[in-house]
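Me: Let's go through this model together, one question at a time. I'll ask, you reason it out.

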Amino acid sequence: MKSINFRYLGLIMLLVMINNCSSPKEYNNNLLEGEVPDTWTKPLPKTEDYTGLWWISFSDKKMVEYLESFQNSSPNIKSILSQLESAKQLARINNAVLFPNIQAGMSGSRSGQNLAGFGFSDLFAGTFGNQDSSNNNQVISFESDNYGLNLSLQWELDIWGKALNAKRAAYADFNSSNYDLVYLSFSTMIQFVQTYYYTVESKLQYELSLKTTDSFREVLNIVESRYKEGLTSSLDYRLAESSLAVSKVDMESKKLQFLSRLRNLEILLGFYPSGKLKISDQLPKKLPPIPSGLPSDLLIRRPDLKAALEKVKSAGYKLAEAKRSKLPSFSLTTSGGTSSEELKDVLNGDYGVWSRILNISAPIFQGGRLDANVKLNQSQLTQSEINLVNKSLMAFMEVEQLLNSENSIETQLKLLNIAVSQSKAAYDLSKARYESGLIDFITVLNSQNQWFNSQSQYFSLERTKIDNRLQLILALGGSLESLN
């Protein structure tokens with residue numbers, strides 16, 4: 001009889017091993033099949049191969065230094081790393097269901113039995129009894145000791161792959177969390193660089209306002225000199241005074257804006273907001289390269305899309321687990337050890353005790369809970385698929401829009417460069433002609449304002465180009481190498 005039981009248990013163990021060694025079924029993402037175009041509607045900028053270390057390509061030592069400091073000290077980055085570790089440990093916990101639960105224990109006990117209730121008091125009186133002085137009754141009792149050493153094993157045999165699907169779902173959830181946190185880390189770094197160059201632009205705008213004020217002061221001196229010589233009217237003098245005062249107001253406003261953004265940058269770096277941080281003097285001309293590829297590559301590049309795909313996989317595994325929960329379950333319980341009345345004999349094999357139990361249970365009636373669980377997981381799978389489609393379409397839209405912006409910004413920069421050059425020449429010419437009495441002062445003011453406004457717009461558009469390039473790299477997925 002024992003040989004039959006062992007053969008039966010051996011067959012079950014063989015089935016478990018075959019099932020656990022089977023390769024996992026991967027979820028194929030074909031939700032957008034036939035809908036993804038072969039090329040982007042706008043061509044990708046012609047840049048060198050993407051290296052992943054995009055911040056190095058700025059060739060800006062100060063920015064790189066501050067970004068590395070930000071990565072090491074930012075509470076947001078540290079929080080992301082902590083969340084990633086939590087997700088990893090949760091996956092390990094869920095993976096433990098595949099393995100047997102083995103426990104060891106040691107026990108010791110003392111027990112006693114009163115024989116009076118069995119009618120043996122008179123029989124053993126005077127031999128084992130104890131005299132109760134209060135009522136003169138004989139109380140007969142026995143006491144015994146017991147010591148034990150035990151090793152037990154409990155294992156739910158995963159015949160149908162329920163635990164295996166739970167494991168796969170757990171690791172898919174971990175991968176999803178990992179990709180989400182990687183993308184969050186990437187986004188945080190992008191936002192820091194955007195903030196940094198926003199501050200650099202504010203510095204350039206403030207320096208431009210200083211030059212503007214000096215220029216208006218220079219023009220006022222010219223007007224004042226001509227006014228004293230009777231070559232111009234008081235109207236020109238008043239307009240020059242007014243323009244200088246307005247430029248000083250604008251200078252103070254630009255100064256406050258610059259210091260505010262500089263202090264915000266210092267806080268991000270964990271520094272005291274003194275407004276004395278040394279930053280770059282110019283916006284970079286060389287921008288980080290972007291990865292080349294087709295629209296379909298986006299689905300395997302962007303960490304947030306890969307996270308959504310892992311969610312679909314996880315939901316599929318959980319649905320399979322829910323369906324297998326309706327099948328019978330097999331569990332094996334085995335224990336062995338020793339039991340003795342003497343502590344010194346707990347390691348003696350002659351006092352050994354053991355047991356082996358195979359339990360088989362099958363759900364019959366649970367009020368519809370199992371069927372509802374299957375339908376719930378089916379609904380969650382559908383929702384995760386819809387979420388993947390929506391995220392994918394939004395990602396395509398982001399890239400297309402940013403590519404359009406990239407081309408538009410390049411065109412605007414070329415035109416503004418012409419505007420700055422020509423307005424500067426127009427201002428110099430108008431100033432010379434005004435001093436010669438050939439034109440009125442209004443023409444000088446107009447050319448002067450146009451020159452400084454075009455320079456200000458150029459700085460803003462240069463910073464916008466940097467923003468757009470950073471967002472485009474983020475939208476195209478970047479490189480995970482740069483986030484580790």
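**Salt bridges, a long helix and confidence**

Reply: To kick off, the side chains of Arg469 and Glu406 meet in a salt bridge, at 2.4 Å from N to O. Arg469 sits in helix α9 and Glu406 in helix α8, so this pair ties together parts 63 residues apart in sequence. Keep in mind that this is a predicted model.

Me: Is Arg469 buried or exposed? And what about Glu406, buried or exposed?

Reply: The cut-off for buried is under 20% relative accessible area. Arg469 has 7% relative accessibility, so it counts as buried. Glu406 comes in at 5%, so the call for Glu406 is also buried.

Me: Which residue forms a salt bridge with Lys465?

Reply: Look from helix α9, where Lys465 lies, across to helix α8, 55 residues away in sequence. Lys465 is buried at 18% relative accessible area, while its partner is partly exposed at 28%. The closest N and O atoms are 2.5 Å apart, and the partner is Glu410.

Me: How far apart are the closest N and O atoms of Asp173 and Lys318?

Reply: This pair links distant parts of the chain, with Asp173 in helix α4 and Lys318 in helix α7 (residues 303–324), 145 residues apart. Asp173 is buried, with a relative accessible area of 19%, and Lys318 is partly exposed at 30%. A salt bridge needs the nitrogen within 4 Å of the carboxyl oxygen. The pair forms one, with its closest N and O atoms at 3.2 Å.

Me: How many salt bridges does the count come to?

Reply: Side chains of opposite charge can pair when their charged atoms come close. Besides the pairs above, Glu201, Arg463 and Asp467 are linked in a network of salt bridges. By the 4 Å rule, the count comes to 16.

Me: What span should helix α5 have, and how far apart are its end C-alpha atoms?

Reply: Helix α5 covers residues 234–268, which is 35 residues. At 1.5 Å a residue the helix should span 51 Å, so there is agreement with the C-alpha ends in the model, which are apart by 52 Å.

Me: What covers the buried residues of α5?

Reply: Those buried residues include Asp236, Leu244, Met251, Phe258 and Leu262. Lys254 and Glu266 are also among them. Just after the helix, Gly270 takes a positive phi of about 80 degrees. As for the cover, it includes α4 (162–228), α8 (369–435) and α9 (441–476).

Me: Which element has the highest mean pLDDT?

Reply: For the chain, the mean pLDDT is 79, and 76% of the residues reach 70 or more. Over residues 1–6 the pLDDT is below 50, and that stretch has two contacts in the model beyond near neighbours in sequence. Helix α1 (residues 2–21) has the lowest mean among the elements, 46, whereas the highest, 94, belongs to α5.

Me: Which residues make the nonpolar surface patch of about 340 Å²?

Reply: One member is in strand β4 (residues 141–157). Patch residues need over 30% relative accessible area, and that strand member, Leu149, has 32%, so it counts as partly exposed. The full patch is Met106, Leu149 and Leu347.

Me: What share of the chain's residues count as buried?

Reply: The chain has nine helices and six strands. Its accessible surface comes to about 27,900 Å², with 54% belonging to carbon and sulfur atoms. Of the 484 residues, the buried share is 38%.

Terms used
Residues numbered from 1 in each chain as written. Heavy atoms only, no water. Helix = DSSP H or I, 4+ residues; strand = E, 2+ residues; numbered from the N terminus. Expected span 1.5 Å × (residues − 1). Buried < 20%, exposed > 50% of the residue type's maximum accessible area, 1.4 Å probe, protein only. Contact = heavy atoms within 4.5 Å. pLDDT = per-residue confidence, 0-100. Patch = residues over 30% accessible without salt bridge, like charges linked within 9 Å, V, L, I, M, F, W, Y side chains within 5 Å. Areas by Shrake-Rupley, 256 points an atom, 1.4 Å probe, with all protein chains shown as cover.
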